[in-house]
Amino acid sequence: MKFTKKTINLIRFKYLKSGKLRILSDSEVMLPGFVDLHIHASQWPQAGTALDRPLETWLGEYTFPLESRFKDLVFANEVYLDVINTTLTHGTTTAMYFATVDRESSILLAGLCGESGQRGLVGKVVMDDPSSNSDFYRDASPEEAVYETEKFINEVLKIQNTYKQKIYPVVTPRFIPSCTPKALEGLGMLARKYDVHVQTHCSESDWAHQFVKEKYGVNDAKALDNFGLITEKTVIAHAPFLEPDDLKIIAGKKTSIAHSPLSNAYFANSVLPLKDFRSKGVNVGMATDISGGYSPSMYQSIRQAVISSRMLQEGVNPSLPRDERGRPCSSITINNAFYSATVAGGIALNLPIGKLEKGYSFDVQIINMENNIPGFYKEKNPEDLLHKILLLSESSNIKEVWVQGCRVK
C-alpha cells in the first residue's frame, strides 16, 4: 500500500503528539551504543594512576589492595554506581565487568547495573592459588572459589529478569597463573552446567604466555580449552601473544577477543594484530580495560586501536630501514574499530545488540554535534561525518543514551 504525502504527515503528527516519535535535529546523529567487553569496575578509583610502574608493582601496591576493600558494601556501592554512570555517560550501553573475589559486592554490582539501566555482565573474580596471590586477597581454597562462584551465579540468575535489559553472571578466573587446576576445572563445569558467559585474561604478556607453557606444556588457549573454559560465550582479554594453534581453537569454538588497545600499550608491551586475527576467523571486540586503560570512553579505545595498528604496520624503530620496520597489512580503519566496539561486541556476547537493525535491542546514543565538532560545511558523504564524530566526540557530545528502548541518560 502506498501512502500519500498528506497521509504520511498525518501519521507523523499522530505519533509526535502521542510521544512515540522523535525527530532528530540537523545537529543530532544516532549511533549504536558501545559494548565494552572488558572493564574492571573495582579498579575505577585508580584510573590514571601508576601506569608508569611495572605491572607487578601496579598490581601488588595499587590494584589488589584496592580490590580487597570491596568487602565494604558502602564503599562498593559508591564506586560501582559511579563507574556505571560514567560509562553510560560515555555511550557504553553494555559492559562486561570484572568485580572482585568478594561475592556479595559482586552481586551488588550486577544489581546496580540493572537498576541503572545498563546491560551488565558481571563476574566474581576467582584467584585461589596461594603461591601466586597474597593471603589478604584471594579465595581461601579451590573448593570455596567454585562454591562462591556457583552461589553468585544463582543469585544473579534469580534477579536477572527483574530488569528489562537483563543482567548476566559470568564465570571469571582472573587468569591461569592466579588459579589452581582444581579451581579452573570446577569453573569449567559451572560454565557448562549453567550455560553462562566466561571471561578471563589470556596471553596478555610475554610472562603470562610463557608461564602457562611451562606449567601445562601448552599455550593459554589450549589450557583454557582443556578446562572447558573456551566456548562461544567466552571472551578472552588482550591476547596479543596468541599463536596459530591458539587461533584455530578460539575460531573453531567461536570464542572472542576483547581488544584493549590502551592497556596493551602500557602493560602488554605489544599491539594486537587485529586484522590478521580477523582474517583467521576470530571475532575481535573492543574494551577500555579500566584501569589498565585510563579512559572509560570507548571513543578513546577506538582511536587508540587505529593508532596502534598503524604503528604496528609502519614500525616504530627509526634506526631500521622502512621496509624492515613494521608488520605489513596490519593497519585497520576507523570503520573496523567502530565495528569492533559495536557489532563484534554483540557477536562476542551472543546477544542481539550492537546494530541499528530490526530484531536488535534499541541501544543507542544521540550525538549532539554542536560542541567540539566543526560544522562549517556539509561533509561529502555520511562516512566522513561518522569519522569526525568518532574522532572528535567527548562525553559532552552524547546528549542521550537509550538501553533496551529506555532512556537512561
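Seven bridges join strand β4 to strand β5 (residues 167-173), and the two strands run parallel. The chain crosses from β4 to β5 through helix α5 (residues 142-159), and this β-α-β crossover is right-handed. Within the pairing, Val125 stands opposite Thr172 in β5. The model examined here is predicted, and the description below begins with β4 before turning to a helix and a loop.

Strand β4 also pairs with strand β3 (residues 92-98): five bridges join them, and they too run parallel. One point of register is given by Phe98, whose bridge partner in β4 is Gly123. Here the connection is made by helix α4 (residues 103-116), which together with β3 and β4 makes a right-handed β-α-β unit.

How enclosed, then, is β4 by the rest of the structure? Eight of the eight residues of this strand (residues 119-126) are buried, so β4 is largely enclosed. In a regular strand, side chains alternate between the two faces of the sheet. For β4, both of these faces are covered. One side carries Arg119, Leu121, Gly123 and Val125, while Gly120, Val122, Lys124 and Val126 lie on the other, and all of these residues are buried. The list includes the charged residues Arg119 and Lys124 as well as Gly123, the bridge partner of Phe98.

Attention now passes to helix α12 (residues 298-314). At 1.5 Å a residue, its 17 residues should span 24 Å, and the end C-alpha atoms are indeed 24 Å apart, so the expected and modelled spans agree. At the start of the helix, a side-chain oxygen of Ser297 comes to within 3.1 Å of the backbone nitrogen of Tyr299. After the helix comes Gly315, with a positive phi near 85 degrees. Between these two ends, α12 contributes a series of buried residues: Met298, Tyr299, Ser301, Ile302, Arg303, Gln304, Ala305, Val306, Ser308, Ser309 and Leu312. Tyr299 is thus both buried and the residue whose backbone nitrogen is approached by Ser297.

A last stop is Pro374, found in the loop between β10 (364-368) and α16 (382-392). With a relative accessible area of 38%, Pro374 is partly exposed, because this value falls between the 20% limit for buried residues and the 50% limit for exposed ones. Which residues does Pro374 contact, leaving aside its neighbours within four places in sequence? They are Glu379, Lys388 and Leu392. Of these, Lys388 is 14 residues from Pro374 along the chain, and their C-alpha atoms are separated by 8.6 Å.

Technical notes. Residues are numbered from 1 along each chain as its sequence is written. This is a predicted model: local features need pLDDT of at least 70, side-chain atom pairs count only at pLDDT 80 or more; totals for chains, interfaces and linings use all residues. Side-chain values use heavy atoms; hydrogens and water are left out. Helices (H or I, at least four residues) and strands (E, at least two) are DSSP runs, numbered from the N terminus. Buried means under 20% relative accessible area, exposed over 50%, partly exposed in between (1.4 Å probe, protein chains only). Contact means heavy atoms within 4.5 Å. The expected span of a helix is 1.5 Å times one less than its number of residues. A polar contact is a pair of N or O atoms within 3.5 Å; within protein, one must be able to donate a hydrogen and the other to accept it, and residues adjacent in sequence count only if both atoms are side-chain atoms. Two strands pair if DSSP finds at least two bridges between them. A crossover is right-handed if, with the strands pointing away from the viewer, the path from the first strand over the helix to the second runs clockwise.
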